[in-house]
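Colleague: I would like to learn how a descriptive word is earned from a computed value. Could we take a few such words in turn and set each against its definition?

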Amino acid sequence: MKLPQWVRRSAFQSRPSVLQRSHLFYKFGLKVAVFPAIALSQTLGIGTPPGIAQLETSTLESPALASPVIESPAAESPAPASPAPESPPTSEVCSPDTQFTSAQVTQVRSSDSPVLMAQTSKMGTLLNDLSPVLAAHFAAPFPQISGAARRARVPVIMYHDILPEKEVFFDVTPQEFTAALNLIRDNGLTPISLDQLTEHLATGVPLPEKPILLTFDDGYKGHYEHVYPLLKQYGYPAVFAIYPDKVGTNIGRSSMSWEQLQEMAADPLVTIASHSFTHPEDLTVLPDDRLRYEIVESKRVLESKLGITLKYFVYPVGKNDERVQRWVQMTGYKAALTMDDTVNKFAGESENLLDIDRIGQANLAEVIPAAYGGAPLPPFGSQFNFNSPVQLSRLTVNEVPLIMASGGRPITIHAKTRYQVQEIIAGTPAVAAVDGGFFSLEYLDSNVMVGPVMSQNTQAFMPSNPKEVRLLTGRPLVLLSPDKVMFVPFDPEKHNTLAGIQAELPDATDAFVGAAWLVKDGQPQPAEAFGRLFDFDAARDRAYWGIDYAGQPVVGVSGDYVDSVSLGKALSKAGLRDVVMLDSGASASLVYEGKSMMSYEPRPVPHVVALLPPQPPLANCSIVSKKQAEN
């Protein structure tokens, strides 16, 4: 269903300013000096995981990663990275507890100017613990789903009657339902409440590692006699969709009584949702007065009878449209569940909070392995998260198949000539990689790139050929540092030198020029944004890399031919915040854990964007400078 105009706003546009973030601490009564703390953490260079000065030795020794061949333009060496701090006696490094400081601050004078030195504090822990609370106050405009939630995979499983003997194909026996609960438990899934799911979809706050939501429609007596006792036994929450016209009657086979329903509604494990008043087959064809009765009166009666506040609606037979959603929203529901027998979608793939998709119980075993609660939010004050494990996902959005790996730490590798992507990353710690920037077709056996390039493995900056540098004006210049990514419109007068790169990002470790933005600041790019880019509107295999709303790096390819505009729309809806198109067509290549994800053998390339595993977990230790120790 097309997203209504009244909910078409980018979640990215709702992101708060630093001033707004600091105001929240006063709103919560926390008198924290946020700005000095942030400034102090930046001054000290703490608060983010250690960066990558260069790849591990095994990477540098790989034959594919030797020094650039002589056809390359003259290389300019970047300034050496700051020396790494001496390793402590153990393998532990300082924890995020030292990210922010508010207690003791000592002023130590260096030869030039005063430098603020910090003592250990628990402020980092406090602020990180508050991140979900803060995120909740900056949710996407209702009823839009947060971009961060688009990358999670939460199955919402739909059941109907549970009874000793099946009468229709979607009935389930108590024995089968017990087996399903054991399957959920044995596979390490965590059943969640609808409150948890709604908060996650609205804000992007991550859920348990493998979440699942159980729902039961229509208020059958078997829900009280069989389902409810088992939920209590396992300690699993669930949603029960009730329509008042059925309670205490034999409409549609057996029914719960009001007394049974009241008992269940009083249990914290149980969420009661309205399923309309009479369960009409299609709410979309009802006149407004009847629609109001089904949506509004059902809420009033259930709240009156059960002594609770109803926050959720479940569409009978899943049928709804923009008008029905408006009535649901105006009535005060926080979210609504739907269904579609023809397609299985995870909750994050839904159109919005008033149209959350569910999956039939017969597909439970199929979707369990894919369940994923989403990446952690970036550290407070940051837009990036390079601390999540790298994982592969496959999904279809807007009928565009997508294969992507996300998480870890992004780097680029500039090989000495052209190889398959898996050959370039062989012997390195890279978990995943995609073919990178465009390379020159003038030399058939070289690593000469289109545009300037700098990679950590070469430790050199190579400018663009002067003849083609102006043709790149406005294309995305990709800059990486140990804790940040920047996408900057390329300026040939400024960005074809190392000094120009470092003016944009002083601690840049990698740089290259991409083909075009597919998604920019959360918005898919229209056809006019691609200018004269060759074949941007043709259906081809395409490669891309970018950052999602959880701040994770993402590398990927389309699973089939697609034009650039359609790919950008799919990636935006899939939860990516900024995406750049890489060399595509025959070069498009994604490798995960050493295996190609392509159905064909791609063209060899000299450059890749790769994802390294995250840094080891940080330990708890204090920050004491050598200068402090001397004094």
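Modeller: Let us begin with a definition: the expected span of a helix is 1.5 Å times one less than its number of residues. Please keep in mind that this is a predicted model.

Colleague: How do you know that the span of helix α5 agrees with what its 13 residues should give?

Modeller: Helix α5 runs over residues 174–186, and at 1.5 Å a residue its 13 residues should span 18 Å. The C-alpha atoms at its ends are 18 Å apart, so the expected span and the model agree.

Colleague: Which residues of α5 are buried, and what makes you put them on the same side of the helix?

Modeller: Buried means under 20% relative accessible area, and the buried residues of α5 are Pro174, Phe177, Ala180, Leu181 and Ile184. They cover an arc of only 115° around the axis, and therefore they lie on the same side of α5. As a general background, an α-helix has 3.6 residues a turn, so residues three or four places apart point the same way. On the other side of α5, Gln175 and Asp186 are exposed, a word that requires over 50%.

Colleague: What covers the buried residues of α5?

Modeller: The cover includes the strands β3 (156–159), β4 (190–191) and β5 (211–217), together with the helices α7 (221–234) and α11 (364–367).

Colleague: Why is Asp521 called partly exposed?

Modeller: Buried requires under 20% and exposed over 50%, with partly exposed in between; Asp521 has a relative accessible area of 41%, so it is partly exposed. Asp521 sits in the loop between β20 (516–520) and β21 (523–524), and its phi is near 50°, a positive value in a residue other than glycine.

Colleague: What makes Asp535 partly exposed?

Modeller: For Asp535 the relative accessible area is 29%, which means that it also falls in between those two limits. Asp535 belongs to the loop between β21 and β22 (543–548), and its phi, near 60°, is positive although the residue is not glycine.

Colleague: Why are helices α8 and α9 called roughly perpendicular?

Modeller: Helix α8 (residues 258–265) and helix α9 (residues 288–306) pack at an angle of about 80°, with their axes 10 Å apart. Angles of 65 to 115 degrees count as roughly perpendicular, and therefore α8 and α9 earn that description. Their contact is made by Trp258, Leu261, Gln262 and Ala265 of α8 and by Val301, Leu302, Lys305 and Leu306 of α9; by class, it has six nonpolar, one polar and one charged residues.

Terms used. Residues numbered from 1 in each chain as written. Predicted model: local features only at pLDDT ≥ 70, side-chain atom pairs only at ≥ 80, totals over all residues. Heavy atoms only, no water. Helix = DSSP H or I, 4+ residues; strand = E, 2+ residues; numbered from the N terminus. Buried < 20%, exposed > 50% of the residue type's maximum accessible area, 1.4 Å probe, protein only. Arc of directions from axis to C-beta. Contact = heavy atoms within 4.5 Å. Axes fitted to C-alpha atoms, helices over the stretch in contact; angles between N-to-C directions. Parallel < 35°, antiparallel > 145°, perpendicular 65-115°, else oblique. Nonpolar A, V, L, I, M, F, W, Y, C, P; charged D, E, K, R; others polar.
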